[in-house]
Amino acid sequence: MKTKMKIILMAIPFLISLSACRVARIINASQDTIILFNEESIKFKLINNQIILTTKLSQGKESNFLLDLGSPISIIFIDSTASLHSYGKSISNKKQKATSADGKRLMREYLDWGTITTNWFKIENSVLSTIYRNDPFDCNNLGGIWGADIFAQDIKGKRNKVLLIKMQDSTVRILDKLPPLENWTKLNTRFNMLSHIKILTSVNKNKTKIYFDTGFSGSLILENNIFREVQSQDKDSLSNMQIVYGHIHSSLAGSSAPDTAYSGIMNLQLGPGLQIDSIQVITTPNMIVNAMGMDLIKRFNILVDYQKQNLYLQPNPAYFQSKKNIFQLSGFKARSFENKELIVVNMVAGSPAEKVGLKIGDQIVSINNIRVDEINPCETYRTFEELSCESTGNVIIVKREGEIFKFIL
């Protein structure tokens, strides 16, 4: 089973409640913001199905920012235990409560961050939303997200950009106008006032609107009621449905409480000639959004016309379906806790891993004689994800309450 279960729900709209005077202060401060693009093709890092741009703040701090076209605004993350005196200047004077798509309440504030730079663009007099967030399972050490406001500064108009993301060579570029559209497919989309992109699709012949969400690392998530509706209409399509329990996703606020997810395989019709078979889809009891993520999106090059509000996809000639790794074959997921240890965080009910006795909370010592690097467990995890394993006979050694256990999967 594909285990890209870390649903980063930061990419979906969350509720903001601000007084009129605070809104005015933020708008006035934002009017001086200037964004300067390097118009050449710029390389990005693709880590764990996330498009990463290295970003440097005016204080000299450098961190990874996620390119998230599913988010209407750009956000900087701050450790909730840190003092704001070492960060930007407050614009709103008072913290506001926001609600993430998974219902979590969190604190946010607008800060003046001065000059922020990436190898692609530079922002002067930046005023950005700031979220207080802790996620001990975040191996990418995300410092924030770059959202659609970077490219769509107006709801409509000439200030908006044409964005080209070429997954085939991991580059991004800003264009003044659309390139020749040969081999590109225009999707049936709607851009709302927040620049969210909704695609009219067909999931197992059920017409469904889904968000285009580069902030989500998996393939497809569905609202729980839509997932159940598809399941009831076509039981054969979900005859392979699996139940996953444990740590399933993270949100804007960071790590979420243990949850249960339901996973199955469906067919997705994105547009004319874009029928994609055997797509993994997941839901949780409280899921309230539909979104397609990077595990699916990376099959294409992407062209987003924020000027005329259109989305185009082109097959990625460099895409290939990778072989299943140890986690997918065995039905469990491991993640690094504060980059100190690698632990089992979720399990597929009835999977080989569950049947042999592996448990959530087990600390992984080694897999197929490759030991977890105690200095950098996150890098070891990425090595395990890329490791081609046999369908049986894989050896995993774990530590549980001080004892060592050996399992053959």
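How many salt bridges does a search of the whole structure find? The search returns seven salt bridges, and the model in which they occur is a predicted one. A convenient place to begin is helix α6, where the side chains of Arg382 and Glu379 meet with N and O 2.7 Å apart. These two residues both lie in helix α6, three residues apart, about one turn of the helix. Their surroundings can be described in turn: Arg382 counts as buried because its relative accessibility is 16%, whereas Glu379, with a relative accessible area of 40%, is partly exposed. Elsewhere, salt bridges with shared partners bring Arg133, Asp135 and Asp138 together in one network.

Within that network, Arg133 bridges to Asp138, and the closest N and O atoms are 3.9 Å apart. Both Arg133 and Asp138 are buried. Arg133 also meets an aromatic ring: its charged end sits over the ring of Phe77, 4.6 Å from the ring centre. A similar arrangement involves Arg228, whose charged end sits over the ring of Tyr262, 4.3 Å from its centre. Another of the salt bridges joins the side chains of Lys122 and Glu124, at 3.7 Å from N to O. Here Lys122 counts as partly exposed, since its relative accessibility is 33%, and Glu124 is likewise partly exposed, at 23%.

Attention now turns to the aromatic residues. Across the whole structure, 13 aromatic pairs are found. In one of them, Phe151 and Tyr306 are stacked, with ring centres 6.2 Å apart and an angle of 10° between the planes. This pair links distant parts of the chain, 155 residues apart: Phe151 belongs to the loop between β12 (142-146) and β13 (162-166), and Tyr306 to the loop between β26 (300-305) and β27 (310-315). Phe151 counts as buried because its relative accessibility is 0%, and Tyr306 is buried too, at 1%. A tilted pair is formed by Phe327 and Tyr381, at 5.4 Å centre to centre and 40° between the planes. Phe327 lies in helix α4 (residues 326-330) and Tyr381 in helix α6 (residues 377-386), so this contact ties together parts that are 54 residues apart in sequence. Phe327 counts as buried at 0% relative accessibility, and Tyr381 is buried with a relative accessible area of 6%.

The stacked residues Phe151 and Tyr306 also take part in a wider grouping, one aromatic cluster formed together with Phe37, Phe65, Trp120, Phe121, Trp146 and Phe191.

Strand β5 offers a look at strand pairing. This strand spans residues 50-56 and is mostly covered, with five of its seven residues buried. On one side, β5 runs antiparallel to strand β4 (residues 45-47), and three bridges join the two. Ile47 stands opposite Gln50 in β5. The hairpin of β4 and β5 has two residues between the strands, and Asn48 takes a positive phi near 50° there.

What joins β5 to strand β6 (residues 62-67)? Five bridges do, and these strands run antiparallel. In this pairing, Thr54 stands opposite Asn64 in β6. β5 and β6 likewise form a hairpin, with five residues between them, and Gly60 in the turn has a positive phi of about 95°.

How values were computed: Residues numbered from 1 in each chain as written. Predicted model: local features only at pLDDT ≥ 70, side-chain atom pairs only at ≥ 80, totals over all residues. Heavy atoms only, no water. Phe/Tyr/Trp six-rings, centres within 6.5 Å; stacked < 30°, edge-to-face > 60°. Helix = DSSP H or I, 4+ residues; strand = E, 2+ residues; numbered from the N terminus. Buried < 20%, exposed > 50% of the residue type's maximum accessible area, 1.4 Å probe, protein only. Lys NZ or Arg CZ within 6 Å of the ring centre and 35° of its normal. Salt bridge = Lys/Arg side-chain N within 4 Å of Asp/Glu carboxyl O. Pairing = 2+ DSSP bridges.
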